[in-house]
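Hi everyone, thanks for making time today. I'd like to walk you through a structure that may be new to you, so let's bring it up on the screen.

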Amino acid sequence: MAKAKAEVTEKAPSRMSMVRNALDTLGMDASPGDIQSHVKTSYSVELPTQVISNYKFQIRTKAGKPGPGRGRRSSTSAANLRVEDFELLRGLVDRLGAEQVRQMVKVVE
């Protein structure tokens, strides 16, 4: 004889979806403490702020939004530099001196 299927109960949302819903309500700049309070009042679930911070980072990364500390690097990365660039710089330092090259760089910045 086959077993009868148990009545399907509504599944509670995952912790990630709770954080995602809180971010939708509070905004992406909400602090982990604010999100924790929102989740506690909305779902009666206590999430540690470290877990919330981790989920928030994952959500921002998947959305392609920069997190704190991102976007500070210049557009020229180490991968774009070539040996010829260093040779040219070495020639300028030899011809003008390191201090003069530093002053030139400050003017260009």
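Are helix 2 and helix 3 roughly parallel or roughly perpendicular to each other? Keep that in mind as you look, and please remember that this is a predicted model.

Here is how to work it out. Two packed helices are described by the angle between their axes and the distance between the axes. For helix 2 and helix 3, the axes come within 9 Å and cross at roughly 105°. An angle from 65 to 115 degrees counts as roughly perpendicular, and therefore helix 2 and helix 3 are roughly perpendicular to each other. On the helix 2 side, the contact is made by Pro-32, Gly-33, Ile-35 and Gln-36, and on the helix 3 side by Thr-49, Ile-52, Ser-53 and Lys-56. Sorted by class, the residues of this contact are three nonpolar, four polar and one charged.

Now let's look at the loop between helix 2, residues 32-43, and helix 3, where you'll find Ser-44. What is the phi of Ser-44? It is near 60°, a positive value in a residue that isn't glycine. Ser-44 is also exposed, because its relative accessible area is 62%, and the cut-off for exposed is over 50%.

Next, helix 1. This one has twelve residues, and the distance from its first C-alpha to its last is 16 Å, close to the 16 Å expected at 1.5 Å a residue. Right after helix 1 comes Gly-27, with a positive phi near 100°.

How does helix 1 sit against helix 3? The axes of helix 1, residues 15-26, and helix 3, residues 49-63, come within 10 Å and cross at roughly 75°. Helix 1 and helix 3 are therefore roughly perpendicular to each other as well. From helix 1, the residues in this contact are Arg-15, Met-16, Val-19, Arg-20 and Leu-23, and they meet Val-51, Ile-52, Tyr-55, Lys-56, Gln-58 and Ile-59 in helix 3. By class, that contact has seven nonpolar, one polar and three charged residues.

Which residues of helix 1 are buried? They are Met-16, Ser-17, Met-18, Val-19, Ala-22 and Leu-23. The cover over these buried residues includes helix 2 and helix 3.

Let me pause on one of them, Ser-17, which is found in helix 1. Ser-17 counts as buried because its relative accessible area is 18%, and buried means under 20%. A polar atom of the Ser-17 side chain lies 2.8 Å from the backbone oxygen of Ser-14. Ser-17 and Tyr-55 are 38 residues apart along the chain, yet their C-alpha atoms are separated by 9.3 Å.

Let's finish further along the chain, with helix 4. How far apart are the end C-alpha atoms of helix 4? At 1.5 Å a residue, the 14 residues of helix 4, residues 83-96, should span 20 Å, and the end C-alpha atoms are 20 Å apart, so the two agree. Helix 4 is followed by Gly-97, whose phi is positive, near 100°.

Then there is helix 5, residues 98-108, where Glu-99 has its place. Is Glu-99 buried or partly exposed? With 46% relative accessibility, Glu-99 counts as partly exposed. The side chain of Glu-99 also makes a polar contact with the side chain of Arg-102, at 2.8 Å.

That's my tour, and I'm happy to go back to any part of it. Thanks for listening!

Definitions and conventions
Residues numbered from 1 in each chain as written. Predicted model: local features only at pLDDT ≥ 70, side-chain atom pairs only at ≥ 80, totals over all residues. Heavy atoms only, no water. Helix = DSSP H or I, 4+ residues; strand = E, 2+ residues; numbered from the N terminus. Expected span 1.5 Å × (residues − 1). Buried < 20%, exposed > 50% of the residue type's maximum accessible area, 1.4 Å probe, protein only. Polar contact = N/O pair within 3.5 Å; in protein donor to acceptor, adjacent residues only side chain to side chain. Axes fitted to C-alpha atoms, helices over the stretch in contact; angles between N-to-C directions. Parallel < 35°, antiparallel > 145°, perpendicular 65-115°, else oblique. Contact = heavy atoms within 4.5 Å. Nonpolar A, V, L, I, M, F, W, Y, C, P; charged D, E, K, R; others polar.
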